[in-house]
Amino acid sequence: MQKNFNILNRRARFDYEILDKYTAGIVLTGTEIKSIRLGKASIAEGFCEFHELELFVINMSVEEYAFGNHFNHQSKSERKLLLNKKELKKLAKDVQNKGLTIIPLRLFNNEKGLAKLEIGLCRGKKNYDKRETLKERDTNRDLDRVKKSH
């Protein structure tokens, strides 16, 4: 079982313009953390939503632990995120007033071995913004090739 894990949401950087980032703790059960340490998690379809003044990540997929018994977890359940009250209030205000979205960007563990979720306050990109992103990426790749050859 690997100790360090770093699960990315690559699609988020393409589909959304990231305005602000936060690092949140996540409430997990024993079989969930074991499954995540094996790399059996996906945050690609995930998003965050407020219930009262608590933030939950929804659609984060964590496969069932292979050696778990009947106490095993559900693969797509809501998981509570842990943030300061000040951060929660700011996020709730931004989501409600400005129409922004909270998207999970990265699931990782810190130095103490605790699971953390990096979330981003995001605005959706339009199709022409996505084309600009692809164009920039291609030009940068071409420039790198030219630099490398000389």
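Lys130 is buried in this predicted model, with a relative accessible area of 18%. The cut-off for a buried residue is under 20%, and Lys130 is therefore counted as buried. The residue belongs to helix α4, which covers residues 127-149. When neighbours within four places in sequence are set aside, Lys130 is in contact with Phe14, Asp15 and Lys125.

One of these contacts, Asp15, leads to another helix. Arg11 and Asp15 both lie in helix α1 (residues 10-15), 4 residues apart, which is about one turn of the helix. Their side chains meet in a salt bridge, with 3.1 Å from N to O. The two partners may be described by their accessibility: Arg11, at 48%, counts as partly exposed, whereas Asp15, at 19%, counts as buried.

Helix α4 also contains Asn127. At 52% relative accessibility, Asn127 counts as exposed. Asn127 and Asp15 stand 112 residues apart in sequence, but their C-alpha atoms are 8.9 Å apart in space.

A further pair in helix α4 is formed by Lys135 and Glu132, which are 3 residues apart, about one turn of the helix. The side chains of Lys135 and Glu132 meet in a salt bridge of 3.8 Å, N to O. Glu132 counts as partly exposed at 40% relative accessibility. Elsewhere, salt bridges that share partners join Arg11, Asp15 and Lys130 into one network. Lys130, with which this account began, is thus considered both through its contacts and through this network.

Side chains of opposite charge can pair when their charged atoms come close. In this structure the count comes to 11 salt bridges. Another of them is formed by the side chains of Lys80 and Glu54, at 3.0 Å from N to O. This pair links distant parts of the chain, with Lys80 in strand β7 (residues 79-82) and Glu54 in strand β5, 26 residues apart. Lys80 is partly exposed, with a relative accessible area of 30%. Glu54, at 34% relative accessibility, likewise counts as partly exposed.

Lys80 is also one of the residues touched by Val27. Val27 is found in the loop between β2 and α2, and at 42% relative accessibility it counts as partly exposed. Not counting residues up to four places away in sequence, Val27 touches Glu32, Arg79, Lys80 and Leu82. The C-alpha atoms of Val27 and Leu82 are separated by 7.5 Å, although the two residues are 55 residues apart along the chain.

The account now turns to the interior. In soluble globular proteins, nonpolar side chains tend to be buried together. The largest nonpolar core here has 25 residues, and those with the most contacts inside it are Leu55, Leu81 and Ile119. The elements that give two or more residues to this core are β2 (16-26), α2 (30-37), β5 (54-58), α3 (85-98), β8 (101-109) and β9 (115-124). The largest share, 4 residues, comes from β9.

The surroundings of Leu55 illustrate how this core is joined to other parts of the chain. Leaving out residues up to four places away in sequence, Leu55 touches Cys48, Glu49, Phe50, Arg79, Lys80, Leu81, Leu83, Leu88, Leu91, Ile102 and Ile119. This list includes Leu81 and Ile119, which are named with Leu55 among the residues with the most contacts inside the core. Lys80 also appears among the contacts of Leu55, in addition to its salt bridge with Glu54.

Cys48, another contact of Leu55, raises the matter of disulfides. A disulfide is a covalent bond between the sulfur atoms of two cysteines. A search of the whole structure finds 0 disulfides. Cys48 is in no disulfide, and the nearest cysteine sulfur, that of Cys122, lies 9.4 Å away. Cys122 is likewise in no disulfide. Cys48 is buried, with a relative accessible area of 9%, and Cys122 is buried at 0%.

Aromatic residues complete the description. The count of aromatic pairs comes to 0. An aromatic ring does, however, take part in an arrangement with a charged group: the charged end of Arg106 sits over the ring of Phe108, 4.0 Å from its centre.

Notes: Residues are numbered from 1 along each chain as its sequence is written. This is a predicted model: local features need pLDDT of at least 70, side-chain atom pairs count only at pLDDT 80 or more; totals for chains, interfaces and linings use all residues. Side-chain values use heavy atoms; hydrogens and water are left out. A nonpolar core is a set of buried Ala, Val, Leu, Ile, Met, Phe, Trp, Tyr and Cys residues joined through side-chain atoms within 4.5 Å. Buried means under 20% relative accessible area, exposed over 50%, partly exposed in between (1.4 Å probe, protein chains only). Contact means heavy atoms within 4.5 Å. Rings of Phe, Tyr and Trp (its six-membered ring) pair if their centres lie within 6.5 Å; planes under 30 degrees apart count as stacked, over 60 as edge-to-face and the rest as tilted. A charge sits over a ring if NZ of Lys or CZ of Arg is within 6 Å of the ring centre and within 35 degrees of the ring normal. A salt bridge is a side-chain nitrogen of Lys or Arg within 4 Å of a carboxyl oxygen of Asp or Glu. A disulfide is a pair of cysteine sulfur atoms within 2.5 Å.
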